[in-house]
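Colleague: I would like to learn how to read a few local features in a model. Where do we begin?

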Amino acid sequence: MSKKLRPVLLGGFVLVILGMALWLPGTDADEADVPIVRWTFEKAKFKGKSLPASVGKDALTLRGNPRWLSNPEALEYVDDDFRSFVKERMEPHDPLLPKKEFTVSAWVRIDEGTKYGGIVGAMQDNGDYERGWLLGYSETHFSFALATEVPVGQPKMTYLKGKTPFQRGRWAFVVGTFDGKQMRLFVNGQEDANSLAQNGLIAYPPVCSFEVGRYKDDDEDYPLRGALREVSLYHRALSAEEIANLFKKQSQLTELPEAPRPNTFVIYPYLQYPTAESITIMWESALAGNAVVEYGLTTTDTKKVEKAEEGLIHEIPLAGLTPETRYVYRVSTTTKAGQVLTSDWYQFMTAVKPDSAFSFTVIGDTQRNPKVTAKIAKLMYDRRPNFVIHCGDVVDNGPDKREWVQELFGPCRDLFSRSAVFPTIGNHEKNHAHYYKYFSLPAPEYYYSYRYGNAEFFVVDTNKSVRPDSEQYKWLDKSLSQSTATWKFAYHHHPCWSSDDNDYGDTKKGIRRQGDLNARSLTSLYEKYKVDIVFNGHIHLYERTWPLTGDKVDRKNGVIYITSGGGGGSLEDFDPLPTWFKAQLRVDFHCCYVNIHRNKLEFKAFDQNGHLFDQFELEK
Ligand SMILES: [Fe+2]
Ligand SMILES: [Fe+2]
């Protein structure tokens with residue numbers, strides 16, 4: 001040891017002694033430094049599937065593959081499937097949950113803003129039901145939310161939004177405090193916002209998940225995109241000075257350079273337009289890069305198709321496949337800077353041979369209700385359909401990309417990665433380019449047909465004219481006349497016939513058109529060419545008609561019309577009086593399931609709880 005160093009070290013020793021004195025119980029510094037719980041995200045601490053607390057006893061459970069960072073040591077959140085939480089079902093009396101005063105702090109890096117962002121929280125915010133607290137962020141700012149008990153009525157959360165925008169990809173120290181009267185939000189040691197809107201005891205739901213790195217309650221689930229270095233919870237409100245001191249201890253983190261934007265799946269791989277010999281695989285990456293699909297009969301014997309051209313939305317057609325054959329596939333995108341994004345292995349199957357059995361499911365109107373859409377998508381996936389028909393209104397607002405990503409492809413991820421969706425365009429897509437970008441269909445895309453097994457499907461756009469002088473009518477007339485399929489199905493968004501109460505007139509006032517008159521132009525073609533079933537959406541409920549010819553029930557030769565608009569859009573209702581054509585009605589979220597083997601067809605409809613509520617069989 002050099003003599004020069006000695007005084008410095010001695011000085012350090014004296015400081016340590018002084019520091020220990022300040023750590024004695026009962027002093028402010030002691031409490032500031034000793035939270036109820038603190039998690040420090042360091043790989044060495046990680047044991048099995050959990051991260052023990054550095055202070056306190058509640059470990060964090062890590063589900064999925066953790067991505068550890070060094071310099072600084074931290075845990076990166078880039079994979080939607082990765083999750084960290086204390087307890088999935090935490091009750092209000094849990095000793096970890098503060099009753100009134102508390103402080104929650106985090107060293108966090110936000111790589112991507114989002115509408116709902118969670119850093120740490122224990123809450124439920126579902127419609128009018130608002131309970132608990134959350135340290136979070138939005139597209140641009142940090143936030144601190146809290147609901148307290150109220151003498152009358154329901155607790156309401158206050159979302160306290162910071163004034164200073166966060167810096168994407170940079171470390172920040174974010175703190176929320178509540179002293180029973182005032183909520184305060186601090187960013188990098190400085191007070192950024194406060195509110196007196198809440199008062200008294202914190203209102204908790206009977207059960208909630210204590211999440212770290214996620215905005216999650218019963219209705220929403222949005223993973224953090226960024227990284228965590230340290231999260232602490234105190235059962236008292238720290239003072240501004242204490243928070244400034246805590247910040248100073250690691251303030252150098254804020255000087256680290258901006259983290260590169262991570263490459264992630266904006267939309268996970270999904271299938272389009274399978275035929276007996278081909279299929280198209282699509283996905284969207286956060287960063288532009290090339291597109292590679294590896295596929296084969298097993299993961300150890302694969303071929304590779306590569307598109308060098310850089311892009312975000314990737315579309316790779318595979319050709320020369322064997323009919324009715326199961327394949328495995330995975331995709332990857334590599335940026336110019338060398339960031340590689342690779343998916344898990346998924347599976348697809350080529351279209352079956354004409355004599356083989358197959359099945360498809362039907363859904364419609366998956367609008368602004370991702371929780372229900374996820375539930376219906378799971379019901380469909382549980383039945384392992386060969387493909388899926390979507391009757392339109394795939395999103396609520398076509399130009400809003402977020403809806404496509406989070407409300408259609410997100411909830412349908414497991415399904416669409418294995419069962420291709422064949423859509424028709426609704427009115428809510430607003431004919432936006434997103435529809436044509438995200439679906440890969442034969443030109444001109446808004447109308448098309450496809451063959452699957454011994455069936456043929458005809459899809460038209462009823463937002464446009466389908467009257468006898470229209471291009472679509474003429475195309476349909478010709479295509480149907482040439483069809484040699486055993487089973488013929490048609491679908492479009494608007495109903496030829498509907499028992500709805502007010503979309504076509506106002507049945508309560510005696511005005512009723514009982515369906516879309518443009519779409520009804522097609523019924524003569526459906527009758528002429530003996531189409532078996534016509535599906536539509538638009539009306540958010542379920543209806544099956546009797547077989548119809550003209551304006552009569554014709555059980556022998558008629559066409560069956562099925563409205564399946566139960567994918568999530570807010571439910572509608574029926575005419576108060578019976579219509580002449582209805583055979584079965586149901587107001588609920590639902591899906592349909594159609595099974596075909598040669599000349600036999602089985603039809604079933606399931607409500608959102610998986611209960612069968614309608615079925616019939618056809619035989620030729
Ligand atoms: Fe709709
Ligand atoms: Fe619609």
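Modeller: We begin with a term. Helices of at least four residues and strands of at least two are DSSP runs, numbered from the N terminus. Pro 444 lies in the loop between helix H7 (433–438) and strand S28 (448–452). Keep in mind that this model is predicted.

Colleague: What kind of peptide bond runs from Ala 443 to Pro 444?

Modeller: The bond from Ala 443 to Pro 444 is cis, and its omega is near 5°. Asn 71 and Pro 72 are also joined by a cis peptide bond, with omega about -5°. Pro 72 sits in the loop between strand S4 (67–69) and strand S5 (74–77).

Colleague: What is the sign of phi at Asn 71?

Modeller: Phi of Asn 71 is positive, near 55°, in a residue other than glycine. His 538 has a positive phi too, near 75°. His 538 belongs to the loop between strand S33 (533–536) and strand S34 (542–545).

Colleague: Why does Asn 71 count as exposed?

Modeller: A residue is exposed if 12 or fewer other C-beta atoms lie within 10 Å of its own, and buried if there are 20 or more. Asn 71 counts as exposed because it has 6 such neighbours inside 10 Å. His 538 is buried, with 27 other C-beta atoms within 10 Å.

Colleague: Is Pro 411 buried or exposed?

Modeller: Pro 411 is buried because it has 24 C-beta neighbours inside 10 Å. Leaving out residues up to four places away in sequence, Pro 411 touches Pro 370, Thr 373, Ala 374 and Ala 377. Pro 411 lies in the loop between helix H5 (401–409) and helix H6 (413–416).

Conventions
Residues are numbered from 1 along each chain as its sequence is written. Chains are lettered from A and ligands numbered from 1 in the order in which they are written. This is a predicted model: local features need pLDDT of at least 70, side-chain atom pairs count only at pLDDT 80 or more; totals for chains, interfaces and linings use all residues. Two residues are in contact if their C-beta atoms, placed from the backbone, lie within 7 Å.
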